[in-house]
Amino acid sequence: MNVTVNGVTHEIEGGPLTPLLDVLREELGITGPKAGCHQGSCGACTVLVDGEPRRACLIPSVYAEGKEITTVEGLGTPEDLSAIQEAFIHHYAAQCGFCTSGMMVAAKAYIDRGGTDDPEAIQEALGGHMCRCTGYAKIIEAVSAAARGDSFDLTTTAVGKYTTMTTGGAE
């Protein structure tokens with residue numbers, strides 16, 4: 001069976017009912033989607049399947065055959081971050097990072113479908129994604145900024161503190 005992940009086609013060996021999350025992490029070494037609840041409730045394993053957010057822990061790998069799978073790794077590169085990745089950095093929307101990949105791919109799908117900077121619409125779009133660290137305010141700000149098309153100076157966060165990307169630590 002073949003699956004296309006982040007634009008690259010892979011022949012996989014896992015059985016057709018092996019969860020896509022296991023194939024991504026264990027067989028392909030793609031670790032952005034996280035194994036959280038294994039029940040589809042937390043959203044940490046969210047990937048895009050033909051542009052639609054899906055819980056990889058619930059999808060049998062056979063479902064992915066012939067479809068384009070996008071993980072957080074496929075959104076951008078360290079040299080060329082996507083708008084949502086830049087917004088998450090600038091707004092300090094990732095704390096421990098466990099939920100971040102699922103939130104980012106769900107946010108990308110929301111924006112790609114014409115989502116706006118409306119906080120209530122963003123909350124609905126990210127419903128079911130659990131974050132224990134941020135209280136969601138910074139995540140919603142980041143998605144709002146990306147939906148507006150804001151651009152960022154990634155040497156500083158929204159609160160004016162230096163990021164570790166450029167300076168190697170806080171000032």
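How many residues of domain 1 are in contact with domain 2, and how many of domain 2 with domain 1? Here is a friendly walk through that point and a few others; please keep in mind that this is a predicted model.

1. **The two domains.** The protein chain splits into domain 1, covering 2–74, and domain 2, covering 83–157. To settle the opening question, 19 residues of domain 1 are in contact with 14 residues of domain 2. The C-alpha centres of the two domains lie 21 Å apart.

2. **Gln-85.** This residue sits in helix α3, which runs over residues 83–90. Gln-85 has a relative accessibility of 10%, so it counts as buried. Leaving aside residues up to four places away in sequence, Gln-85 touches Val-72, Leu-75, Gly-76 and Met-104. If you are looking at the model on screen, those four residues are a handy set to display together with Gln-85.

3. **Helix α1.** Which residues are buried in helix α1 (residues 20–27)? They are Leu-20, Leu-21, Val-23 and Leu-24. The buried residues of α1 pack against three strands, β1 (2–5), β3 (46–49) and β5 (68–70), and against helix α2. Just after α1 comes Gly-29, with a positive phi of about 70°.

4. **Helix α2 and a surface patch.** Helix α2 spans residues 61–64, and Tyr-63 is found there. Because its relative accessible area is 34%, Tyr-63 is classed as partly exposed. Together with Leu-17 and Val-62, Tyr-63 forms a nonpolar patch on the surface. The accessible area of these three residues adds up to about 290 Å².

5. **The cysteines.** How many disulfides does the structure hold? The count is 0. Cys-42 is in no disulfide, and the nearest cysteine sulfur, that of Cys-37, is 3.9 Å away. A pair of cysteine sulfur atoms has to be within 2.5 Å to count as a disulfide, so this pair is left out. The case of Cys-57 is similar: the nearest cysteine sulfur belongs to Cys-45, 3.7 Å away, and Cys-57 is in no disulfide.

6. **Buried or exposed cysteines?** For the two cysteines just described, the accessibility values are worth adding. Cys-42 has a relative accessible area of 15%, so it is buried. Cys-57 also counts as buried, because its relative accessibility is 11%. The cut-off behind both calls is a relative accessible area under 20%.

Note on methods:
Residues are numbered from 1 along each chain as its sequence is written. This is a predicted model: local features need pLDDT of at least 70, side-chain atom pairs count only at pLDDT 80 or more; totals for chains, interfaces and linings use all residues. Side-chain values use heavy atoms; hydrogens and water are left out. Patches are made of residues with over 30% relative accessible area and no salt bridge: like charges are joined within 9 Å, nonpolar side chains (Val, Leu, Ile, Met, Phe, Trp, Tyr) within 5 Å. Accessible areas come from the Shrake-Rupley method with a 1.4 Å probe; for residues, only the protein chains shown count as cover. A salt bridge is a side-chain nitrogen of Lys or Arg within 4 Å of a carboxyl oxygen of Asp or Glu. Helices (H or I, at least four residues) and strands (E, at least two) are DSSP runs, numbered from the N terminus. Buried means under 20% relative accessible area, exposed over 50%, partly exposed in between (1.4 Å probe, protein chains only). Contact means heavy atoms within 4.5 Å. Domain bounds come from an automatic or database domain assignment.
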